[in-house]
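Biologist: Before we go into detail, could we look at the chain together and work through the fold, the cores, the pockets and a few individual loop residues?

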Amino acid sequence: MFGKRSQAADLLYHQILLLFLSIEGFRLLIDEMCYILWRMKVLFLFVDGVGLTAPGPNNPVNERVCPVLYRLLQESAVALDPNMDMPGLPQSATGQAALYTGVNAARHMGRHMEGFPGPTLRAVVETDNIMKTLVRRGLNCCFADAYYADEVEDIRSWRFKSVTTVMGLTEPSILRLTPEMLSNQAVFHDLTRQSIVSKGYTGPVITPTDAADHLLHITLSHDFTLFEFFISDLAGHSQNYDQAAAVLSSLDTFIGALLPTILEKRVLFILTSDHGNIEDLGTRGHTRNPIPLVALGPGADILLRNAKSITDVAPLLLSVMASKG
């Protein structure tokens, strides 16, 4: 009787072992297929007007105001030179053109250029830029900022266009308009939509956490997603500490809500800027301070190890995406 039970138990043990191995083998096969089929995803968060400098009474980029951003800058960032070997204060038009094309735009123009790009600088951006390259590689790209407009032609008719708008118009499929915002498939640049209420917007006002959730869904359904946050630069120009702190706190909540899922899903997260400003409220203008390059996720080490200047970001990122995509 004991022998029969022992044989039965032994048979049961082997059956269970075979079942376990078949399940484990199937799981490993699925994991391998997922690895093979995995396509790199990137979230590029552009925060206008943030430089790196020592703590001080005029610097709201600190642990109390924005702990998540501050920790990223301390632990996961390198300093980039935004000055492009040119005198004077770096500016938005040439800085952003350099960031998205890899061209030394200030040298090309003979000086740093503020605000909106003119015809010569627009031509640089239109000729080649990171979005244009990635779309031509067959990648699914998105400029996630919602334009308060119903048609792309409305945007084309604007007299003044930012560098990102000029870039977006080279590949209009990446642009997001009011209908996408209302269906939570785009994020307004202020995160909450509060700033367009005075312009006639009657839809829901949302929280930075809601905006983060919307951007997460956008990111996970695209290969490359760009989101631009530029009110940090406006807050810096105000020289108002409370206003700057409120803007940075809202941004910090947004980033804090994004990061856990971004990292869990193996998305390459990049955060950078175009020039300094908000880190020194003692001056109304921009600064020549270095700017941060934060990178987390697949390929981050390559970016952090090799990027030295604002002109390095686009070519390095394109190289990383080509090798890992």
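## Pockets, cores and loops

Modeller: In the second largest pocket, the lining residues divide into six that are nonpolar, five that are polar and one that is charged. This is a predicted model, and everything said about it here is computed from that prediction.

Biologist: Which residues line the second largest pocket, and what is its volume?

Modeller: The lining includes the run Gly51, Leu52, Thr53, Ala54 and Pro55, together with Asn59, Val61 and Asn62. Tyr70, Leu73, Gln74 and Glu279 complete the list. The space assigned to this second largest pocket is about 180 Å³.

Biologist: How many residues line the largest pocket, and which of them lie nearest its centre?

Modeller: The largest pocket holds about 670 Å³ of space, and its lining divides into 12 nonpolar, eight polar and six charged residues. Among the elements, α3 (92-101), α8 (163-170) and α11 (231-238) each give two or more residues to that lining. The lining counts 26 residues, and those nearest the centre are Phe116, Ser162, His189, Glu228 and Phe230.

Biologist: How many helices and strands does the protein chain have?

Modeller: As background, 50% of the 325 residues in the protein chain count as buried, while the chain exposes about 15200 Å², with carbon and sulfur atoms supplying 56% of that area. Among contacts with a separation of 6 or more, 74% join residues 24 or more positions apart. The secondary structure of the protein chain comprises 14 helices and six strands.

Biologist: Which helix gives the most residues to the largest nonpolar core?

Modeller: The largest nonpolar core has 52 residues, and Phe44, Phe224 and Leu317 are the ones that touch the most other members. The element that gives the most to this core, with six residues, is helix α14 (residues 313-324).

Biologist: What does phenylalanine 224 touch, leaving out residues up to four places away in sequence?

Modeller: The contacts of phenylalanine 224 include Val42 and Phe44, and also Leu317 and Met321. Ile130, Met131 and Leu134 are touched as well, and the list is completed by Asn140, Cys141 and Cys142.

Biologist: How many residues are in the second, separate core?

Modeller: Val65, Val247, Phe254 and Leu296 are included in this second core, which is separate from the one discussed above. Its size is 41 residues.

Biologist: Is asparagine 277 buried or exposed?

Modeller: Asparagine 277 sits in the loop between β5 (268-272) and β6 (291-296). Its contacts beyond four places in sequence include Gly49, Val50 and Gly51, as well as Asp233, Gly236, His237 and Arg284. Because its relative accessibility is 0%, and the buried class lies under 20%, asparagine 277 counts as buried.

Biologist: Where is aspartate 85, and is it buried or exposed?

Modeller: The place of aspartate 85 is the loop between β2 (77-80) and α3, and its phi is near 60°, a positive value in a residue other than glycine. Since its relative accessibility is 63% and the exposed class lies over 50%, aspartate 85 counts as exposed.

Biologist: What is the relative accessible area of glutamine 239?

Modeller: Glutamine 239 is found in the loop between α11 and α12 (241-264), and it has a positive phi of about 60° although it is not a glycine. It is classed as partly exposed, with a relative accessible area of 34%.

Biologist: How many residues apart in sequence are asparagine 240 and glycine 282?

Modeller: Asparagine 240 also lies in the loop between α11 and α12, and it is partly exposed, with a relative accessible area of 35%. Beyond four places in sequence, asparagine 240 touches Ala235 and Leu281. From C-alpha to C-alpha, asparagine 240 and glycine 282 are 9.5 Å apart in space, and their separation in sequence is 42 residues.

Biologist: How far apart in space are lysine 41 and phenylalanine 269, C-alpha to C-alpha?

Modeller: Lysine 41 is in the loop between α1 (2-37) and β1 (42-47). Leaving aside neighbours within four places, its contacts include Thr219, Leu220 and Ser221, and also Val267 and Leu268. Lysine 41 and phenylalanine 269 are 228 residues apart in sequence, and their C-alpha to C-alpha distance is 8.8 Å.

How values were computed: Residues are numbered from 1 along each chain as its sequence is written. This is a predicted model: local features need pLDDT of at least 70, side-chain atom pairs count only at pLDDT 80 or more; totals for chains, interfaces and linings use all residues. Side-chain values use heavy atoms; hydrogens and water are left out. Helices (H or I, at least four residues) and strands (E, at least two) are DSSP runs, numbered from the N terminus. Buried means under 20% relative accessible area, exposed over 50%, partly exposed in between (1.4 Å probe, protein chains only). Contact means heavy atoms within 4.5 Å. Accessible areas come from the Shrake-Rupley method with a 1.4 Å probe; for residues, only the protein chains shown count as cover. A nonpolar core is a set of buried Ala, Val, Leu, Ile, Met, Phe, Trp, Tyr and Cys residues joined through side-chain atoms within 4.5 Å. On a 1 Å grid over the protein atoms alone, a cavity is a set of points where a 1.4 Å probe fits but cannot get out, and a pocket is an open set with protein on both sides within 12 Å along at least five of seven lines; lining residues have an atom within 4 Å of a point. Grid points are joined across faces, edges and corners, and a volume is the space filled by probe spheres set on the points. Ala, Val, Leu, Ile, Met, Phe, Trp, Tyr, Cys and Pro count as nonpolar, Asp, Glu, Lys and Arg as charged, and the others, Gly among them, as polar.
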